[in-house]
Amino acid sequence: VLFILNGLERLNLDFRLAGTELCCDPNEAVPASAIVVNLLRKYLLPEASIIVTTRPSAVRRIPGKYVGRYAEICGFSDTNLQKLYFQMRLSQPGCSGEGSVGRTSGERENLVEMLSRNLERHNQIAAACFLPSYCWLVCTTLHFLYFTRTVPPSQTLTGIYTSFLRLNFSGEVLDSTDPSNISMMKYVAKMVGKLAYEGVMSRKTSFSEDDLQQCFEVEMKTESELNLLEVFRSDVFRFFLTPCVQPGKEHTFVFTIPAMQEYLAALYVVLGEKKTLAQRVGKELSEVIGKVSEDLAVVLSIISKVLPLRFLPVLFNLLKIFPGYFSRMGSKDRDAIAHTMAEELFKEEDYYNDDVLDQINSSILGVEGPMRHPDEAPDDEVFELFPIFMGGILSRRNRAILEQLGCSIKNLAAFEIAKAMKKTVIRKSRKGLPPSELLDYLFFLHEFQNERFTAEAIRSLRAVNLSSVRMTPLKCAVLASVMGSTSHEVEELNLTSCNLDANSLRILFPVLLRCKALHLQLNSLGSDACKEIRDLLLHEKCVVSNLRLANNPVGEQGAQYLAEALAGNHSLTHLSLLHTALGDRGAEVIAQHLVENQHLQELNLGYNSLTDTAALHVVEVAKKHTKLDKVHLYFNDISEDGKRVLHSLRMDRDGVRALVFLTVGTDVSEYWSNILNVVQKNLPFWDRERVRQHLALFLQDLESSRRQTANPWRKAKFLRVESEVKKMLGKLQDGT
């Protein structure tokens, strides 16, 4: 028989004969503790084998003469075991969401490969994954980052970290022999949370032994407090803090997982541990006097009826004043928490960092590219997760889990913090945030899990600019979930250069329906994505009036889907298909369906390799259109004869303008700056040689028209435009 006794530190065993009597009869009824002691004495069932697990601080509770062997289980001693764990965990069925099997299988293999390379660099992530439970945290975080496709996302990042702590510390008391019976997590939030918070405030991630001593021991006074600290140092310290492996920092400690520092700092603040001595003493006094006032209330009311003592009501009211005063102090504490959250969430020095989800991804998988030289100055530390974790900890689900861990956050406190946040967080968000910071704000609202607060915050966002943010399925799900808290129309949604694909558009579909101006330039939107856009534009609730799809590989098949959308849509007035590889056949399809459209006012088909036939067909259809008055056709392969026909178009006669040149007869086109601005913005993404050829043609046309006019004012305008074109040609030639 093998007995496994798990968690000896929870039992207070007495091995003295006077304390626990001998027992060798398995049928004799004795207390459970007596059975355990006699098993360990080998007096009861001596042939049985016994394995006892315990925290280091409780090892000596069993006398050494009863122990045959001690073994300390430390973690994965071999990185190959870590890799094997990651391969098995990331390959579990169902971890890949709703994507296609082939694609997600390749994505899983890529994740494991990147993680393995990062572990081989012997950096801090390898030290963290020495502990198997941190391997679990890494894998769960990667699942969240890469395989979340549901709206709203089924998890929050704060929820992952809170669940991680519950897995490790649920029901754990720091020292069962201490009368305070403080939960381990409460003690960690108080002690390690203080260190974490001070590190966040001073932008510091590594701590010397002096830092630890000053943080942990400066307020220790009683023997009981020192004993608890000793148990903490022995049992828990190495779980949260580990020696730094970076060159030059060998004698310092860092948090095992960097984000854990920000989580514990947030927990420290939200639990109200960040108090001055006066506040702590006042809180304790108010609780004591409040209880006394309740107990005395009945007694005083009886005495005041029996004895005509006028001072008793006054005394009773005085007893009530003190707790009331400190309850107002408590509400000021909550204002301070809300203020801290807002200040940290909108720090201007963090405005142009990567968004927090990319930061977490980099901390786990590393950054591809050359490694930093040891002598190179490190980047400033960034702590943008800190305020997001503060919001996440206040969510109902996380508060319920923390309650199980002995860290109680009352409903009223959470309500008052949320109320105070409205004054600061929502006001600051209205000032306009850079794209990465705006995504952090949306992620904060997702983590906060407060629908009423989120709806009020989102209602004030009329324009959402997330250009150049790498929009993963998770980020799309967060955006869709947060924006879905209201049904108001969005004036503008800018998703330029966001790595979008058809799957991204499917996730964002309910949000896109409500956007008037939709910027989708510079993504990888091919024919599959155009099918989604067709369904969007044909939806009865669609309000999109301005759609920009420039610099996407739309192609002929994509043009077919967009043409079908144009035929049935009633909201679109401006459509840009600049540089979308339409070709003549794509433009012809659009022209055929344009006949059925009654609302389009402007169409951009520039830089699409159109020849005379297609360009002139589009213009002929535009002439008959009731609203369409502007067609962009510059940078196409139009012959001199075609240019002459387009040159002869007149707005008053034909009802349409074709933007092909920078000139109109012997004058400069009123749209010359529009055309050059479009070219200037797209220079980095277009074929330089082709752009150079077209700009040279523009220049010849300008010089020819200038020679034909005798008006000095017109000549001056020509010279100005020529100088702009020459400047752009110079930049192309210099490679800038």
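Two strands count as paired here if DSSP finds at least two bridges between them. The strands themselves are DSSP runs of E with at least two residues, while helices are runs of H or I with at least four, and both are numbered from the N terminus.

Before you click on anything, the ground rules. This is a predicted model, so local features are described where pLDDT is at least 70 and side-chain atom pairs where it is 80 or more, while totals for chains, interfaces and linings use all residues. Residue numbers start from 1 along each chain as its sequence is written, and side-chain values use heavy atoms, with hydrogens and water left out.

**Stop 1: the whole thing**

Show the cartoon first. You should find 30 helices and 15 strands. Of the 736 residues, 49% are buried (under 20% relative accessible area with a 1.4 Å probe, protein chains only; exposed is over 50%, and partly exposed lies in between). A contact means heavy atoms within 4.5 Å. Among contacts between residues at least 6 apart in sequence, 78% join residues at least 24 apart.

Now colour by pLDDT, the predictor's confidence in each residue, on a scale from 0 to 100. The mean is 83, and 87% of the residues reach 70 or more. Where does pLDDT stay under 50? Select 276-291: that is one such stretch, and the model gives it 18 contacts beyond four places in sequence. Residues 369-378 are also below 50, with four contacts beyond near neighbours in sequence.

**Stop 2: the parallel sheet**

Select β6 through β13. They form an open sheet of eight strands with parallel pairing, in the order β6-β7-β8-β9-β10-β11-β12-β13. At the edges sit β6 (463-465) and β13 (657-659), each paired on one side only. From one strand to the next the twist averages 10°, with axes taken as lines fitted to C-alpha atoms (for helices, over the stretch in contact) and angles running from 0 to 180 degrees between N-to-C directions.

Zoom in on β9 (546-548) and β10 (574-576), which pair in the parallel sense over three bridges. Put N546 in the middle of the view and you'll see H574 of β10 standing opposite.

**Stop 3: α25, packed beside strands**

Next, select 612-624. The expected span of a helix is 1.5 Å times one less than its number of residues, so the 13 residues of α25 should span 18 Å; the end C-alpha atoms are 19 Å apart, which agrees. Show the side chains of D612, A614, A615, V618, V619, V621 and A622, which are buried. An α-helix has 3.6 residues a turn, so residues three or four places apart point the same way. What do the buried residues of α25 pack against? Add α24 (583-594), β11 (602-604), β12 (630-632) and α26 (640-647) to the selection, and you have the answer.

**Stop 4: α11, enclosed**

Move to 258-270. Helix α11 has 13 residues and an expected span of 18 Å, against 19 Å between its end C-alpha atoms, which agrees. The surroundings are the interesting bit: 12 of the 13 residues are buried, so α11 is largely enclosed by the rest of the structure. Q261 and E262 are among the buried residues, along with Y263 and Y268. After the helix comes G272, whose phi is positive, near 80°.

**Stop 5: the rings**

Rings of Phe, Tyr and Trp (its six-membered ring) pair if their centres lie within 6.5 Å; planes under 30 degrees apart are stacked, over 60 edge-to-face, and the rest tilted. The structure holds 28 aromatic pairs. Select F169 and F240 for a stacked one, 5.6 Å centre to centre with 15° between the planes. This pair links distant parts of the chain: F169 is in α6 (157-169) and F240 in α10 (237-240), 71 residues apart. F169 is buried at 7% relative accessible area, and F240 is buried too, at 1%. For an edge-to-face pair, pick F448 and F453, 5.2 Å centre to centre and 85° between planes; both are buried. Then select Y134, W136, F164, F169, F239 and F240 together to see a cluster linked by ring pairs.

**Stop 6: two single residues**

T709 lies in the loop between α29 (688-708) and α30 (712-734). Buried or exposed? T709 is buried, at 8% relative accessible area. Beyond four places in sequence, T709 touches T666, R714, K715 and F718.

Finish at P132, in helix α5 (132-147). P132 is partly exposed at 38%, and past its four-place neighbours P132 contacts G75 and F76. Draw a C-alpha distance from P132 to L81: 9.9 Å, across 51 residues of sequence.
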